[in-house]
Amino acid sequence: MKIVLSTKEDIAPIAERYLVLELDTFRIEGKEVPSWCVVDAGDIGLADMSELAHFKQQHENLIRNWKKGDLNFVEQMLEHLQGKFGGNLDSFYTEMYARTQQSKTDPWDYVIEKEA
């Protein structure tokens with residue numbers, strides 16, 4: 001698995017050929033930049049291949065609800081996604097779970113501040 005910082009538009013051509021999933025969004029010098037993982041299909045077991053579209057949709061729902069601040073949904077979805085995608089995202093899902101256990105900021109801000 002590779003992790004890339006890129007706009008949605010710039011990652012689109014790669015997503016046509018590879019499994020690309022959105023991860024965190026970072027704020028660098030005031031600009032929001034999403035991160036993406038590019039998963040090698042060779043890392044995914046044959047049993048999971050038939051459900052790959054379903055797992056991808058679940059992951060997209062996870063990220064969408066994280067951005068909304070629906071941490072209950074995120075926590076429940078994380079249980080379903082652990083071990084999927086050949087386990088490539090398990091460390092990300094573990095980190096997401098840890099974040100759901102922290103106090104929620106008000107107002108909610110899902111973006112991670114980073115210095116350049």
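Helices and strands here are DSSP runs, numbered from the N terminus. With that in hand, here are some close-ups of this predicted model.

**View 1. Thr25, a buried residue in a strand.** Thr25 is found in strand S2. Is Thr25 buried or exposed? With a relative accessibility of 6%, Thr25 counts as buried, because buried means under 20%. Leaving aside residues up to four places away in sequence, Thr25 touches Glu32, Val33, Pro34, Lys67, Tyr110, Val111 and Ile112.

**View 2. The largest pocket and what lines it.** This pocket has a volume of about 240 Å³. Its lining is made up of 14 residues, and the closest to the pocket's centre are Lys8, Leu21, Glu22, Trp36 and Glu60. Helix H1 (8–15), strand S2 (19–28) and helix H3 (52–68) each chip in at least two lining residues. Which of the elements gives the most to this lining? That would be H3, with six residues. Sorted by character, the lining has seven nonpolar residues, one polar and six charged.

**View 3. The second largest pocket.** Here the volume is about 200 Å³. Around this pocket you'll find Trp66, Leu71, Arg99, Gln102, Ser103, Lys104, Thr105, Trp108, Asp109, Tyr110 and Ile112. Five of these lining residues are nonpolar, three are polar and three are charged.

**View 4. Helix H4 and its two faces.** H4 spans residues 71–81, and its buried residues are Leu71, Val74, Met77, Leu78 and Leu81. Look down the axis of H4 and these buried residues fall within an arc of 120 degrees, so they line one face of the helix. H3 and H5 are among what covers them. Turn to the face away from the buried side, and there sit the exposed residues Asn72, Gln76 and Glu79. After H4 comes Gly83, with a positive phi near 90 degrees.

**View 5. Helix H5 and its buried side.** Which residues of H5 (residues 90–100) are buried? They are Phe92, Tyr93, Met96, Arg99 and Thr100. Around the axis, they cover an arc of only 115 degrees, which puts them on the same side of H5. The cover over these buried residues includes S2, H3, H4 and strand S4 (112–114). Two names in this view may ring a bell: Arg99 also lines the second largest pocket, and S2 is the strand that holds Thr25.

Key: Residues numbered from 1 in each chain as written. Predicted model: local features only at pLDDT ≥ 70, side-chain atom pairs only at ≥ 80, totals over all residues. Heavy atoms only, no water. 1 Å grid on protein atoms, 1.4 Å probe; cavity = no way out; pocket = protein on both sides within 12 Å on 5 of 7 lines; lining within 4 Å. Points joined across faces, edges and corners; volume = space filled by probe spheres on them. Helix = DSSP H or I, 4+ residues; strand = E, 2+ residues; numbered from the N terminus. Nonpolar A, V, L, I, M, F, W, Y, C, P; charged D, E, K, R; others polar. Buried < 20%, exposed > 50% of the residue type's maximum accessible area, 1.4 Å probe, protein only. Contact = heavy atoms within 4.5 Å. Arc of directions from axis to C-beta.
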